[in-house]
Amino acid sequence: MEGTAQNGGMNKVLLVVTLLLICFGVAEVYTASGPFAVAKGHTAEFYMIKHCEKVLLALFFMFLFSFLDYRHWRWLGRVAFAGGVVLTIAALVSSNGVKGANRWILGIQPSEIMKLGMFVLLCEKLSLAGENIKSLKCTLIQPAVPVGITAILLLLQPNLSMMGIILIIVACVMLVAGVNYKYMGYAVAVAIPAIIIAFLSKEHSRARIMAFFAEEGEMTASNYQVEHSLQALGNGGLFGTGFGQGVLKWGYLPEAHKDVVYAVIGEELGVVGTFAVLILFTLLIAQGFKISQNASTRFGKYLALALTLSIFMNFAIHVCVSIDLGPTTGQPLPFISFGGTNLIYSAVAVGILLNISRPNSGRLIKEPYARSSSLDSSMFRNVEVTRSSV
């Protein structure tokens, strides 16, 4: 299989692309955060150094989980979900709100941990459903517990963009797993109006949506960032102004090293630079989907799909916001934006994907036969027979 090493190896394309993005991210955090750091009274390298500390931790976890058999995530997921829920609640009740949202505690964003645990729990439940996958219990009742807890806590923070992303990923994974479309339709019919009401009921999200649909040239506080993001991209042209030579990051792009780092790339490296980023992410996402498709267990297939979609959604929303194809939101560009928890989450996700790509990984996982599963092929049935005889 192309991109995946044989005889116990891992997907080297995914590994190389991830390392390239992380290295590129260090350079971009340096150039994008310099003016912001100086304005805060720090040295120009201040945020780059802090970012490098997170990068080292992220690389440690990525390589650790690339060698840890992903079957262990069936219990690690419970730990991650429980710990994430507790810390998210602690963040909610703390007084350390930032920009009207209580998302951080002890320097981390625990909803990222909760999100990872929720994906694992969901994928485990779906993989163990067997021939009952289309039942009401497996389609709605069991997934509703972890997904519902996650959605409610994100709504309370509020972190509506992450909530929307998670619900979309959950729906995709469940459809691939072969759940009952009728029950799924009922859930979607209830969820969509609820999500719309949630977005419109929050003043900041409502203002951003209204700003997105405002007439061209009508400047408001909510579209200030995206207007200057477009100016930065236009200023870059084909080849950019040169690394470190961008001007919009000097007070015109708020926290340019976080939510609109793609615009800084466009201004300083031009269309060539942004196109290179798009190619790297396309390769990464393609390898993630390939790992999901070739996984030897349903648990591995669903988990790889959820993690790949998670990285893709962050990437897609960040780029769309930067080029004014969506309302302003605070989604980072994976591996490139300055940050801690999302960087580590993305690295952990890649580490798990790398482990799933190993041909011998997950061989001790036993799953009930599922006639309606999307993995119901002759090859998969042979794997199941082999496992049942162990």
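**Close-up views**

**View 1. At 21% relative accessibility, Tyr183 counts as partly exposed.** That label covers anything between buried (under 20% relative accessible area) and exposed (over 50%), worked out with a 1.4 Å probe on protein chains only. Its partner here, Tyr186, is partly exposed too, with a relative accessible area of 48%. Both tyrosines sit in helix 7 (residues 181-201), three residues apart, or about one turn of the helix. Helices (H or I, at least four residues) and strands (E, at least two) are DSSP runs, counted from the N terminus. Before you go on: this is a predicted model, where local features need pLDDT of at least 70 and side-chain atom pairs count only at pLDDT 80 or more, while totals for chains, interfaces and linings use all residues. Residues are numbered from 1 along each chain as its sequence is written, and side-chain values use heavy atoms, with hydrogens and water left out.

**View 2. Here are two of the nine aromatic pairs found in the whole structure.** The ring centres of Phe46 and Tyr47 lie 5.0 Å apart with the planes at 90°, so this pair is edge-to-face. Rings of Phe, Tyr and Trp (its six-membered ring) pair up if their centres lie within 6.5 Å; planes under 30 degrees apart count as stacked, over 60 as edge-to-face, and the rest as tilted. Phe46 is partly exposed at 26% relative accessible area, while Tyr47 is buried at 11%. Back in helix 7, Tyr183 and Tyr186 make a tilted pair, with 6.5 Å from centre to centre and 50° between the planes. Ring pairs also tie Phe36, Phe46, Tyr47 and Phe338 into a cluster.

**View 3. Glu124 bridges to both Arg74 and Arg78.** The structure holds four salt bridges; the term means a side-chain nitrogen of Lys or Arg within 4 Å of a carboxyl oxygen of Asp or Glu. The Arg74–Glu124 bridge spans 4.0 Å, N to O. It links distant parts of the chain, since Arg74 sits in helix 3 (residues 73-93) and Glu124 in helix 4 (residues 110-127), 50 residues apart. Both Arg74 and Glu124 are buried. For Glu124 and Arg78, the closest N and O atoms are 3.2 Å apart. At 41% relative accessibility, Arg78 counts as partly exposed.

**View 4. Glu268 and Lys249 meet in a salt bridge of 2.7 Å, N to O.** Glu268 is in helix 10 (residues 261-294) and Lys249 in the loop between helix 9 (224-236) and helix 10, so the bridge ties together parts 19 residues apart in sequence. Glu268 is buried at 1% relative accessible area, and Lys249 is buried at 5%. As for the bridges in the previous view, shared partners join Arg74, Arg78 and Glu124 into one network.

**View 5. Two charged ends sit over rings: Arg74 over Phe299 and Lys115 over Tyr345.** This counts when NZ of Lys or CZ of Arg is within 6 Å of the ring centre and within 35 degrees of the ring normal. The distance to the ring centre is 5.5 Å for Arg74 and 4.1 Å for Lys115.

**View 6. Phe335 is one of the residues touching the most other members of the largest nonpolar core, which has 83 residues.** Such a core is a set of buried Ala, Val, Leu, Ile, Met, Phe, Trp, Tyr and Cys residues joined through side-chain atoms within 4.5 Å. Phe335 is in the loop between helix 11 and helix 12, and at 1% relative accessibility it counts as buried. Most residues other than glycine have a negative phi, and most peptide bonds are trans. Phe335 has a positive phi of about 70°, although it is not a glycine. Leaving aside neighbours within four places in sequence, its contacts (heavy atoms within 4.5 Å) include Thr18, Leu21, Phe281 and Val350.

**View 7. A cis peptide bond joins Gln157 and Pro158.** Its omega is about -10°. Pro158 sits in the loop between helix 5 (136-156) and helix 6 (160-177).

**View 8. Confidence varies by element: helix 13 (residues 378-388) has the lowest mean pLDDT, 37, and helix 12 (residues 341-356) the highest, 96.** pLDDT is the predictor's confidence in each residue, from 0 to 100. For the protein chain the mean is 84, and 85% of the residues reach 70 or more.
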